[in-house]
Amino acid sequence: YGAYADREYKAINTDWSKTVESSHAVFCGLFSLFCLLLKQVGNQRSFYITLGISMGSQVMNSLLYMVEYYYQTIDPHNVNYNSESFPTGTLYAKRAFMWVNVFWIVMPTYTIIYYLMEKKKFIEYRRSESDKFDYKKLDT
């Protein structure tokens, strides 16, 4: 798995590492590009779909990374093992790259929630506006 951030970034000789990193590049990177392009041309529905895919895949990649990295720090045979020469510190404070991944979980989650709430407000607004419409005028 490609989670050797502090001493090694990824193990290029394992299929698992190649699969996780390449799927992250496709789902997060490519769908983020589509998301930006669709926003630019005003295709809101497809924008929301690609936004969810790109941000969701970023969250999953960071979560996989952090879990794998935790197991690496408790494995005495791993280069990222928590030792006196390479300590993790309290809450991984001495491994700053771990906190980058916390950021990469928080920000996409915030983005997804923000757009979900924005969409909900828009739907509620449309419903309230349609309730104001006088349908009796159509019968005459």
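**Reading a four-helix model, starting from one loop**

Guide: Let us start with Tyr92, which is placed in the loop between H2 and H3. Please keep in mind that this is a predicted model.

Visitor: Happy to. What is the phi of Tyr92?

Guide: First the general idea: most residues other than glycine have a negative phi. In this structure, Tyr92 has a positive phi, near 60°, and Tyr92 is not a glycine. Leu91 belongs to the loop between H2 and H3 as well, and Leu91 also has a positive phi without being a glycine, at about 50°.

Visitor: Is Leu91 buried or exposed? And is Tyr92 buried or exposed?

Guide: Leu91 counts as exposed, because its relative accessibility is 65%, over the 50% cut-off. Tyr92 counts as buried, because its relative accessible area is 17%, under the 20% cut-off.

Visitor: Let me step back to the whole fold. How many helices and strands does the protein chain have?

Guide: The protein chain has 4 helices and 0 strands, and the order from the N terminus is α-α-α-α. Buried residues make up 29% of the 140 residues. The accessible surface is about 9900 Å², with carbon and sulfur atoms accounting for 64% of it.

Visitor: What share of the contacts joins residues at least 24 apart?

Guide: Taking contacts between residues at least 6 apart in sequence, 53% join residues at least 24 apart.

Visitor: Now the interior. Which residues form the largest nonpolar core?

Guide: The general idea is that in soluble globular proteins, nonpolar side chains tend to be buried together. Here the largest nonpolar core has 8 residues: Val59, Tyr65, Met66, Tyr69, Phe86, Tyr92, Met98 and Ile105. You will recognise Tyr92 from our opening loop. H2 and H3 each supply at least two residues of this core, and the largest share, 4 residues, comes from H2. There is also a second, separate core of 7 residues, including Cys35, Phe47, Tyr48 and Tyr115.

Visitor: Phe86 caught my eye. Which charged end sits over the ring of Phe86?

Guide: That is Arg95, whose charged end is 3.6 Å from the ring centre of Phe86. Another case is Lys39, which lies over the face of Phe47 at 4.8 Å from the ring centre.

Visitor: And rings with rings: how many aromatic pairs are found in the whole structure?

Guide: The search finds 11 aromatic pairs. For one of them, Phe27 with Phe31, the ring centres are 5.9 Å apart and the planes are at 5°, so this pair is stacked; the cut-off for stacking is an angle under 30 degrees. Both residues lie in helix H1, residues 15–41, and their spacing of 4 residues is about one turn of the helix. Phe27 is partly exposed, with a relative accessibility of 42%. Elsewhere, ring pairs link Phe47, Tyr48, Tyr110, Tyr114 and Tyr115 into a cluster.

Visitor: Which residues does Ser54 touch, beyond those up to four places away in sequence?

Guide: Ser54, in helix H2, touches Phe27, Cys28, Phe31 and Ser32. The C-alpha atoms of Ser54 and Phe31 are 5.2 Å apart, although the two residues are 23 apart in sequence. Why does Ser54 count as buried? Because its relative accessibility is 1%. Its contact Cys28 is buried too, at 10% relative accessibility.

Visitor: Since you mention a cysteine, how many disulfides does the structure hold?

Guide: In general, a disulfide is a covalent bond between the sulfur atoms of two cysteines. This structure holds 0 disulfides. Cys35, listed in the second core, is buried, with 5% relative accessibility.

Visitor: One last stop in the loop: what does Thr88 touch?

Guide: Thr88 lies between helix H2 (44–73) and helix H3 (96–132). Leaving aside residues up to four places away in sequence, Thr88 touches Thr73, Asn82, Ala93, Lys94 and Arg95. You met Arg95 earlier, over the ring of Phe86. Thr88 and Thr73 are 15 residues apart along the chain, with 7.8 Å between their C-alpha atoms. Thr88 is buried, because its relative accessible area is 7%.

Terms used:
Residues numbered from 1 in each chain as written. Predicted model: local features only at pLDDT ≥ 70, side-chain atom pairs only at ≥ 80, totals over all residues. Heavy atoms only, no water. Buried < 20%, exposed > 50% of the residue type's maximum accessible area, 1.4 Å probe, protein only. Contact = heavy atoms within 4.5 Å. Areas by Shrake-Rupley, 256 points an atom, 1.4 Å probe, with all protein chains shown as cover. Core = buried A, V, L, I, M, F, W, Y, C linked by side-chain atoms within 4.5 Å. Phe/Tyr/Trp six-rings, centres within 6.5 Å; stacked < 30°, edge-to-face > 60°. Lys NZ or Arg CZ within 6 Å of the ring centre and 35° of its normal. Disulfide = S-S within 2.5 Å.
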